[in-house]
Structures are given as structure tokens and as C-alpha cells.
Amino acid sequence: MGDNNFLNRDLSAAVFQNVRLKCARFDDVDLSAVNFYNADLSAARFDDVNLRGATFRNVNLTSVRIDECDVEGLTIDGFDIARLIAEERARRG
């Protein structure tokens with residue numbers, strides 16, 4: 001398929017539909033304000049990623065693991081997750 005590297009390219013407002021990006025790598029990429037619809041991100045890994053202000057709706061989070069993350073202000077179905085974690089840590093002593 002030719003050149004599979006997109007280095008120093010501006011793809012702003014591009015539309016990707018019915019595209020396979022399996023095992024693709026995104027490094028130093030600005031994906032702010034993008035929309036994912038009907039996307040399969042299973043087994044994806046997110047390291048040093050800024051999701052501030054992101055919204056997740058109708059998302060399958062089965063077996064998702066979240067470690068070493070700032071969850072201040074994170075809510076799930078209206079529940080303050082940072083508060084719940086703090087309460088559970090205090091309970092466990």
C-alpha cells in the first residue's frame with residue numbers, strides 16, 4: 001500500500017470511514033475534539049494521554065484497567081469516582 005507513515009502531516013477535518021488502523025501507533029498526536037463513532041478500541045493502550053473534558057457515552061468498559069491516573073472530577077453515572085476511591089482507601093485503612 002505505499003507510504004504508511006504520516007510524519008509532520010496535517011489531517012485536520014479528515015474523515016476516516018470503514019478504515020482499518022489495527023496495531024497503528026499514534027505518537028505526539030493532537031486528537032483534541034475528534035469524534036469516535038462505532039469504533040473498536042479493544043486492547044488499546046493509552047499512556048500519557050490527556051482526556052480532560054472527554055465524554056464517553058454507551059461505552060463498553062468491561063475489563064478496563066485504570067492505573068496511576070488523576071481522576072479528580074471524574075464521574076460515572078453521576079458518581080464522583082475520586083470521592084469513592086478516597087472513601088474506600090480510608091475504609092481499608
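# Close-up views of a predicted model

**View 1. Arginine 83 in helix 1.** Arginine 83 is partly exposed, with a relative accessible area of 42%; buried means under 20% relative accessible area, exposed over 50%, and partly exposed in between, using a 1.4 Å probe and protein chains only. This is a predicted model, in which local features need pLDDT of at least 70 and side-chain atom pairs count only at pLDDT 80 or more, while totals for chains, interfaces and linings use all residues. Residues are numbered from 1 along each chain as its sequence is written, and side-chain values use heavy atoms, with hydrogens and water left out. Arginine 83 belongs to helix 1. Helices (H or I, at least four residues) and strands (E, at least two) are DSSP runs, numbered from the N terminus. From arginine 83 to valine 71 the C-alpha distance is 9.4 Å, with their positions 12 residues apart in sequence.

**View 2. Helix 1 and its two ends.** Helix 1 has 12 residues (81-92), so at 1.5 Å a residue a span of 16 Å is expected, and the 16 Å between its end C-alpha atoms agrees. The expected span is 1.5 Å times one less than the number of residues. At the N-terminal end, aspartate 80 acts as the cap, with a side-chain oxygen 3.1 Å from the backbone nitrogen of alanine 82. A polar contact is a pair of N or O atoms within 3.5 Å; within protein, one must be able to donate a hydrogen and the other to accept it, and residues adjacent in sequence count only if both atoms are side-chain atoms. Glycine 93, just after helix 1, has a positive phi of about 70°.

**View 3. The second largest pocket.** This pocket holds about 150 Å³ of space. Its lining consists of Ile66, Asp67, Glu68, Cys69, Val71, Ala82, Ile85, Ala86 and Arg89. By class, six of the lining residues are nonpolar, three are charged and none is polar. A pocket is an open set of points on a 1 Å grid over the protein atoms alone, where a 1.4 Å probe fits, with protein on both sides within 12 Å along at least five of seven lines; lining residues have an atom within 4 Å of a point. Grid points are joined across faces, edges and corners, and the volume is the space filled by probe spheres set on the points. Ala, Val, Leu, Ile, Met, Phe, Trp, Tyr, Cys and Pro count as nonpolar, Asp, Glu, Lys and Arg as charged, and the others, Gly among them, as polar.

**View 4. Glutamate 68 and aspartate 28.** Glutamate 68 is not a glycine, yet its phi is positive, at about 50°. Its relative accessibility of 87% makes glutamate 68 exposed. Aspartate 28, also not a glycine, has a positive phi of about 55°. Aspartate 28 is exposed as well, at 80%, and it sits in the segment before strand 1.

**View 5. Cysteine 23 and cysteine 69.** Cysteine 23 counts as exposed at 75% relative accessibility, whereas cysteine 69 is partly exposed at 47%. The whole structure contains zero disulfides, a disulfide being a pair of cysteine sulfur atoms within 2.5 Å.

**View 6. Phenylalanine 36 and threonine 55.** Phenylalanine 36 lies in the segment before strand 1 (75-76) and is exposed, with a relative accessible area of 54%. Its C-alpha atom is 12 Å from that of asparagine 58, 22 residues away along the chain. Threonine 55 is in the segment before strand 1 and is exposed at 56%. The C-alpha atoms of threonine 55 and asparagine 4 are 30 Å apart, with a separation of 51 residues along the chain.
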